[in-house]
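Here is a briefing for a reader new to this structure. Please look over the sequence and the model, then read on by topic.

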Amino acid sequence: MARFGSIPKLLLAAALTVALGACNGVSLPSFGQSAATGEQVKKDGLGSGSQQNRDEGPKFAEFRDVPIPVNADIDFDNLLVLGAEDGWIGRLALTVGHKMPDMYAFYEREMPRFGWRKITSVRSAISTMTYSRGDRIATVTLSSRTVGGTAIDFTVAPANPLAEKT
């Protein structure tokens, strides 16, 4: 019974935190909005051949060598990236509101346009696609999110220099 007595206190603390946060007068732009104007930044869509305009507002400028779907958000809790532009390695974690089958089709279509060559893929409840580009390997893992949309994990690493090349 003691647990239920603390619930109203937690709700009151949460409400006060939200109210006090609103009093500071600082309005930060949402991810994907320009800090200068507050307008939505243009991003690439799911349409064929579309690419993100990487010269405006906060966006994915560090990742010029992989396609980023429209309205993607970075999952900072699962992000580990070293380097930038065409030389980064690590894990780029994204979330999008698009359904997983749409994201699978998007990456099948767009990865080759960014110079990636498909090595293998597995399409299932958790889909995995592996690509190579130069001396790097990219694994794209797609999984449906419970709240809707898709979780996308890019893992990019140097290829094994001792592996057989065909």
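F106, Y107 and F154 form one aromatic cluster. The model that shows this cluster is a predicted one. Two aromatic pairs are counted.

**Aromatic cluster**

- F106 and Y107 make an edge-to-face pair, because their planes stand at 85°, over the cut-off of 60 degrees. The ring centres of F106 and Y107 are 4.9 Å apart.
- Y107 also pairs with F154, again edge-to-face. Here the distance is 5.4 Å centre to centre, with 75° between the planes.
- Which elements does the pair of Y107 and F154 tie together? Y107 lies in helix 2 and F154 lies in strand 7, so the pair bridges parts that are 47 residues apart in sequence.
- Are these rings buried or exposed? F106 has a relative accessible area of 1% and is buried. Y107 is buried at 0%. F154 is buried, also with 0%.

**Nonpolar core**

- The largest nonpolar core holds 25 residues. Y107, L142, I152 and F154 have the most contacts inside this core.
- Five elements appear here with two or more residues each: strand 3 (89-96), helix 2 (100-113), strand 5 (126-133), strand 6 (136-144) and strand 7 (150-158).
- Which element gives the most to this core? Helix 2 does, with six residues.
- L142 has a long list of contacts beyond its neighbours within four places in sequence. Among them are M100, M103, Y104 and Y107. The list also includes A125, I126, S127 and M129. T150, A151 and I152 are in contact with L142 too.

**Overall build**

- The chain has two helices and seven strands. Along the sequence, their order is α-β-β-β-α-β-β-β-β.
- How many of the 166 residues are buried, as a percentage? The share is 30%.
- Take the contacts between residues at least 6 apart in sequence. Of these, 44% join residues at least 24 apart.
- The chain has an accessible surface of about 10300 Å². Carbon and sulfur atoms account for 58% of that surface.

**Salt bridges**

- How many salt bridges does a search of the whole structure find? The search finds six.
- R133 and D65 meet through their side chains in one salt bridge, at 3.8 Å from N to O. This pair links distant parts of the chain, 68 residues apart. R133 is in strand 5. D65 is in the loop between helix 1 (2-22) and strand 1 (73-74).
- The partners sit in unlike surroundings: R133 is partly exposed, with a relative accessible area of 25%, whereas D65 is buried at 1%.
- R91 and D153 form another salt bridge, with N and O 2.8 Å apart. R91 belongs to strand 3 and D153 to strand 7. The two residues are 62 apart in sequence, and the pair links distant parts of the chain. R91 is partly exposed, with a relative accessible area of 30%.
- E110 and R109 form a salt bridge as well. Their closest N and O atoms are 3.1 Å apart. E110 is buried, with a relative accessible area of 0%. R109 is partly exposed at 27%.
- Which residues are joined into one network by salt bridges that share partners? They are D65, R133 and R136.

**A backbone detail**

- Most residues other than glycine have a negative phi. N71 is not a glycine, yet its phi is positive, at about 60°.
- Where is N71 found? N71 is in the loop between helix 1 and strand 1.
- N71 has a relative accessible area of 46%, so it counts as partly exposed: the value is not over the 50% that exposed requires.

**Points to keep in view**

- Y107 is part of the aromatic cluster, and Y107 is also among the residues with the most contacts inside the largest nonpolar core.
- F154 likewise belongs to the cluster and to that group of core residues.
- Strand 7 gives two or more residues to the core. Strand 7 also holds D153, the partner of R91.
- The loop between helix 1 and strand 1 holds D65 and N71.

Terms used. Residues are numbered from 1 along each chain as its sequence is written. This is a predicted model: local features need pLDDT of at least 70, side-chain atom pairs count only at pLDDT 80 or more; totals for chains, interfaces and linings use all residues. Side-chain values use heavy atoms; hydrogens and water are left out. A nonpolar core is a set of buried Ala, Val, Leu, Ile, Met, Phe, Trp, Tyr and Cys residues joined through side-chain atoms within 4.5 Å. Buried means under 20% relative accessible area, exposed over 50%, partly exposed in between (1.4 Å probe, protein chains only). Helices (H or I, at least four residues) and strands (E, at least two) are DSSP runs, numbered from the N terminus. Contact means heavy atoms within 4.5 Å. Accessible areas come from the Shrake-Rupley method with a 1.4 Å probe; for residues, only the protein chains shown count as cover. Rings of Phe, Tyr and Trp (its six-membered ring) pair if their centres lie within 6.5 Å; planes under 30 degrees apart count as stacked, over 60 as edge-to-face and the rest as tilted. A salt bridge is a side-chain nitrogen of Lys or Arg within 4 Å of a carboxyl oxygen of Asp or Glu.
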